[in-house]
Amino acid sequence: MDRKEFVRRRRQFMRMIGKDGIAILPAAPVRHRNGDIEYAYRQDSHFHYLTGFPEPESVAVLVPGRPHAEYVLFVRERDAVRESWDGPRAGTAGAIECYGADDAFPIADIDEILPGLIEQRSQIFYAMGRHLDFDPHMLGWVNGLRTQTRQRQGEFVALNHVLDDMRLYKSRAEQSCLRRAAHIAVGAHRRAMRFARPGRMEYEVMAEVQHEFRSHNADLSYTPIIAGGANACVMHYRDNDQRLCDGALLLLDAGCEHDYYASDITRTFPVGGRFSPAQRAVYDIVLEAQLAAIDKVRPGNHWNEPHETAVRVITQGLAGLGILKGPLSRLLREQACQPYFNHRTGHWLGIDVHDVGDYKVGGEWRVLEAGMALTVEPGIYLRPSPKIPKEFWNIGIRIEDDVLVTRGAPEVLTGDLEKTPEAVERLVSA
């Protein structure tokens, strides 16, 4: 992403925290998988959003109006031996030249320098509890200043209150990133849908998805759900180790992360190429619910309207199948579809696949505005039960797309991926 985007974000953020504030953001720590083997490093989302700096053992400090706004980075020093093992480091010079810091210091000097930056600041914006290894250092510096000055030094303010709202509104550059992640994920789903056949293993389908992601320099944005048959009725099924059976459905929930922005798609399709009458009946209900919900993703509508719309369509559909019984008004009032549709219809989408941002403001559902991005993903999950006709047992169907709120009609970022039953059957049979 262009460096100017990070400059714009920092300026906006510093205006929001005010001239008497200071914000301190640690980088994500290195995590070990086992022994001395590390997981692939992924920067903390807040830290990345404001800096674009990709290295661990770093701290960003944003200081508005002293006498001018200042962006300071504490980073690892250059080290020829370590760099021969782990790759190049930016060092203090690179932090300034390549990442736009106004000043940069070795991370080893933070104890000497950071307290001076905090001193006389009335508010310290910090995400306490987000960085458990760093919290004691923050408390130590602030308490040390209070002891020295015998004054109440700086009030901690939750950084998330400001930054979460900023991240909720996607700039043009961010929207482009989301479109790219969506495009890659669409290709991965198509590849997997063409590959899936009776007798193949769920993990083989997962391998096709990952191959397409890595071919475009993208990573998984979450562990995929490759759920054949009854496994589709397990919300967070992750074993992905069963054989695909003819006549069964495959629920494929997979998204990628590209340049730190996520996609999140689900499609459900017949492994053998054709929906059974019962599968098709349930699929039609879910698709109708999803299309109706997407149509509610418009500015001025509140967050819960897509969900309310999906619940209404699914409740009416299940009543039509004889699974729910009674007047629609009573079924809606009693939330009768909840045993078969037991999750929300979507979530915010962005740098995190379940992105930050409040869903309610002042106790009321947040009103949708242009620039927000979210998923729309209704589903129906019919586990064996005396209340359900046998032909519907173990049918689990979810259809999910990524949607951008615009000034007019919603933009379905993943809309190129087939989802009408006829188009799905053609793709799977190709």
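Glutamine 120 sits in the loop that runs between helix 5 (110-118) and strand 7 (123-126), and in this predicted model the residue has a positive phi of about 75° although it is not a glycine. Because its relative accessibility is 62%, glutamine 120 counts as exposed. Asparagine 240 also has a positive phi, near 50°, in a residue other than glycine, but this asparagine is buried, with a relative accessible area of 3%. The points below take up these loop residues, then helix 1, and then the strands and the helices that touch them.

**Loop residues**

- Asparagine 240 belongs to the loop between strand 10 (225-228) and strand 11 (249-254), and strand 10 and strand 11 are themselves paired in the antiparallel sense over four bridges.
- Arginine 76 is placed in the loop between strand 5 (70-75) and helix 3 (80-86), where a relative accessibility of 13% puts the residue under the 20% limit, so that arginine 76 counts as buried.
- The side chain of arginine 76 makes a polar contact, at 3.1 Å, with the side chain of glutamate 55.
- When neighbours within four places in sequence are left aside, the residues in contact with arginine 76 are Glu55, Pro56, Glu57, Arg89, Gly91 and Ile107.

**Helix 1 and its ends**

- Helix 1 (residues 3-17) has 15 residues, which at 1.5 Å a residue should span 21 Å, and the 22 Å between its end C-alpha atoms agrees with that expectation.
- The buried residues in helix 1 include Glu5, Phe6, Arg9, Arg10, Phe13, Met14 and Ile17; because they cover an arc of only 160° around the axis, they lie on the same side of helix 1.
- On the other side of helix 1, Lys4, Arg11 and Arg15 are exposed, so arginines occur both in the buried set, as Arg9 and Arg10, and in the exposed set, as Arg11 and Arg15, with the arc of 160° locating the buried set on one side of the helix.
- At the N-terminal end, aspartate 2 caps helix 1, with a side-chain oxygen that lies 2.7 Å from the backbone nitrogen of lysine 4.
- After helix 1 comes glycine 18, whose phi is positive and near 85°.

**The sheet of strands 10, 11 and 14**

- Three strands form an open sheet in the order 10-11-14, with antiparallel pairing; strand 10 and strand 14 (265-270) stand at the edges, each with a single partner strand, so one side of each has no neighbour in the sheet.
- From one strand to the next in this sheet, the twist averages 10°.
- Helix 9 (residues 202-215) packs on the sheet and touches strand 10 and strand 11, and the direction of the helix makes about 150° with that of strand 10.
- Strand 10 is covered on both faces, since Ile225 and Ala227 on one side and Ile226 and Gly228 on the other are all buried under the 20% limit.
- Among the paired positions of strand 10 and strand 11, isoleucine 226 has leucine 252 in strand 11 as its bridge partner.
- Strand 11 and strand 14 run antiparallel and are joined by six bridges, and alanine 254 stands opposite isoleucine 265 in strand 14.

**The sheet of strands 17, 20 and 21**

- A further set of three strands forms an open sheet in the order 17-20-21, also with antiparallel pairing, and here strand 17 (373-376) and strand 21 (411-412) are the edge strands, each pairing on one side only.
- Strand 20 (residues 401-404) and strand 21 run antiparallel and are joined by two bridges, and the bridge partner of valine 403 is valine 412 in strand 21.
- Helix 10 (residues 277-295) lies across strand 17, strand 20 and strand 21, and runs at about 160° to strand 17.

**The pair of strands 18 and 19**

- Strand 18 (residues 379-382) pairs with strand 19 (residues 395-398) in the antiparallel sense over four bridges, and isoleucine 380 stands opposite isoleucine 397 in strand 19.
- Both faces of strand 18 are covered, with Gly379 and Tyr381 buried on one side and Ile380 and Leu382 buried on the other.

How values were computed. Residues numbered from 1 in each chain as written. Predicted model: local features only at pLDDT ≥ 70, side-chain atom pairs only at ≥ 80, totals over all residues. Heavy atoms only, no water. Buried < 20%, exposed > 50% of the residue type's maximum accessible area, 1.4 Å probe, protein only. Pairing = 2+ DSSP bridges. Contact = heavy atoms within 4.5 Å. Axes fitted to C-alpha atoms, helices over the stretch in contact; angles between N-to-C directions. Expected span 1.5 Å × (residues − 1). Arc of directions from axis to C-beta. Polar contact = N/O pair within 3.5 Å; in protein donor to acceptor, adjacent residues only side chain to side chain.
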